[in-house]
Amino acid sequence: MNEELREIPDRQHPLPPATPDLEAAMKNTSNGPRFSPADLQNDPKAAHDALLHWDVQSEQILRLLAQHPEHGGRLEKLQRADGWLRQRAADTIVSRTQDGDNGPGSASPTAPDAGLACPTAGELYDFASGPGSEPLPRDRHLAIDRHLAACESCDSFVATLAIAPPALLLLGDDEVGVSVPAVTTGTMPEPTPVRHVSGHRFPARRVLIPLAAAAAIVLAIGVWRAFQPVTTMRAVWPEAPLLRGETADALVWPRGRVLERSEAVARLAPALASAILFELEAPMFELEAPMFERAAPMFELEAPMFERAAPAGSESSRVQVLRTAGGAFDVPTTIAEWSPTSSTSASPIPLPAGHYTWKAWTRERGLDVELGSRDFEVVHDAALLRELSAILESGDEDADVRAVAFLDARGFRTDARVLARSLPASPGRDAYLGRAPGR
Amino acid sequence: MEELELVAGLRARHAEAVQTLLERYRSLFFHCIGSFESDASAREDLHQEVVLYVLERIDAGSFDAEKGSFGTWLYRVTWCRCVDLKRKTNSRRTPKMTPVGDKVPERPDLGPGPGDEAGTEEIGGLVRRGMAHLEEEDQLLLTLRYVDGRTLVEIGEEIGISVEQTKYRLKRAATSLRRVLLNDFAIEEAVR
């Protein structure tokens, strides 16, 4: 065979040099990887691995491999190669027996093919040290050892004992001590009914050890948090999750849950006393020049040209608020409608707690174009107001930012923005307000 | 239900005792059976056969509480029964059939035929060439085990490792040989 042909790209070295024996020889799992039938059809590497460990594959996998036009032939050759090796071992056993050399411990001469006769299942069980096995005589142990080299089926039977049997379904300690019936008396006592397993029958340590471990973890976390520097508790502006794609439309705010405008809310945060603001998306190209001026030195841009989205056809817009009972099949009722003059407009009527839908249209070239619809819910949440009050009245420097983060985290993002807008300008605040929801 | 009580109940074929046997030792039964059968329906059949055999063995007084627990005895009986049944099945799969009308020789030649011998030589050559590409230790292990017919204990003593390590390294060497052979098969197929 040509040596150049041997150096094919997928040829791997049989073993990396000096590989340490890190794995235990006896494991609770099969030595070979497991495959599904689909893997063999679709994944050449899986089929290759299955062939490498063909002796531990299930009959189903072996059948699939054998039926495969490419792998079938390879499997047959591998099995024949394995058989050839085992035949060498069998020949050696026969020749040794004929020579009268049965190995150390052999007591008497035996028939030439005695070493090839399969041991009984019990002997194999004892040889592989199954649970409750009994020690075999040394010569028998050695004979079986040699036989396994020559017999693939006995070898595979022994391999099944490498996996430890499962624990039994024990039913409780109080069953110990039940009187043993006298079998020899002839009258058989009625066995007690099958006892149901109940929760309190677990050994105490099986419950206490995990509990102790959990308590230790909780304690460790508590201590760690207690010793954290105060700076880590500094309020931060909420951040939006990274979303792939775009779920935004022209109707920006309100959305989700909105606090009901009430005297309590007004006392707590005067910024939230105003009517609910309805925000439509600002024109996309209405950008401020300074943004690009900042970028100019980096990219060597000269006198960038900015164009506002052509609003020529947009003559006016219209907003409609409908109230629903919150059910999927409720018929909404229109409760307010107005024509805003800018992208932000206030509701002309107070909106009590309840479910609402708002819709918006723009009129372009004489035609109404629907911008979409969005649901929101006005709620009165006394518990939330108490928590918000505690934050705002804490007297901390960053109480306002924490209040914004609190409202944002609780889903009152419309109110969080209103509150943020009332705060002094800062990079964090501007970044928060400049965030487009759903983008 | 305590073990001896269970055994007594099984001898008397009390429904509660049989139910206890099936429920309590189900995982043990199927652990053994699962090592021998991959098909679900075949596993169920094997389960039934094994349970009936266990009851027969109990009737025959095979279980001795002084020798060990019932679970250990049951595992041994189940495993051995699975081996026996598997051997029976395998022997049934390879019947020696004689075509009708053929003359049956008085003493059939049990050795391989000319075609088989040629194939054996070919595969032997492949194995020899494959072994030449293995690490020295792998070559030594395979030679000691399959050519010299050494036991695992003897091989371990010669190399200076434990029996468990010998088993592991032997398995690893066999896998390495298969990897080499698979590459050779691929090359042969590519050349054709």
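These legends go with close-up views of a predicted model.

**View 1. Chain A at a glance.**
Start with the whole of chain A, which is built from 15 helices and eight strands. Of its 439 residues, 22% count as buried. Looking at contacts in chain A with a separation of 6 or more, 60% come from residues 24 or more positions apart.

**View 2. Where chain A meets chain B.**
Here 62 residues of chain A are in contact with 66 residues of chain B. On the chain A side, the elements that each put in two or more residues are α1 (3–6), α3 (44–52), α4 (59–67), α5 (71–98), α6 (121–127), α7 (138–150) and α8 (152–160). The largest share belongs to α5(A), with 13 residues. Sort that side of chain A by class and you get 35 nonpolar, 13 polar and 14 charged residues.

**View 3. The largest nonpolar core.**
This core holds 75 residues, and the ones touching the most other members are L51(A), L124(A), L74(B) and C82(B). Its largest share, nine residues, is supplied by helix α5 (residues 70–93) of chain B.

**View 4. Zooming in on L124(A).**
What does L124(A) touch, once its neighbours within four places in sequence are left aside? In chain A, L124(A) is in contact with P119(A), C154(A), F157(A) and V158(A), and from chain B there is V83(B). L124(A) is also among the residues that touch the most other members of the largest nonpolar core.

**View 5. A separate core.**
Apart from the largest core lies another one, made of 33 residues. Look for L268(A), F278(A), A360(A) and L407(A), which are among its members. Keep an eye on L407(A), since this residue of α13(A) turns up again in the next view.

**View 6. Helices α13 and α14 of chain A, side by side.**
Helix α13 (residues 399–409) of chain A packs with helix α14 (residues 413–421) of chain A at an angle of about 165°, and their axes are 7 Å apart. Angles over 145 degrees count as roughly antiparallel, so that is how α13(A) and α14(A) run relative to each other. Their crossing is left-handed.

**View 7. Who touches whom between α13(A) and α14(A).**
From α13(A) come A403(A), V404(A), L407(A) and D408(A); they meet R413(A), D415(A), A416(A), L419(A) and A420(A) in α14(A). By class, this contact has six nonpolar and three charged residues, with no polar ones.

Conventions. Residues numbered from 1 in each chain as written. Chains lettered and ligands numbered in written order. Predicted model: local features only at pLDDT ≥ 70, side-chain atom pairs only at ≥ 80, totals over all residues. Contact = placed C-beta atoms within 7 Å. Helix = DSSP H or I, 4+ residues; strand = E, 2+ residues; numbered from the N terminus. Nonpolar A, V, L, I, M, F, W, Y, C, P; charged D, E, K, R; others polar. Axes fitted to C-alpha atoms, helices over the stretch in contact; angles between N-to-C directions. Parallel < 35°, antiparallel > 145°, perpendicular 65-115°, else oblique. Left-handed = near helix turned anticlockwise from the far one by under 90°. Core = buried A, V, L, I, M, F, W, Y, C linked by C-beta atoms within 7 Å. Buried ≥ 20, exposed ≤ 12 C-beta atoms within 10 Å, placed from the backbone.
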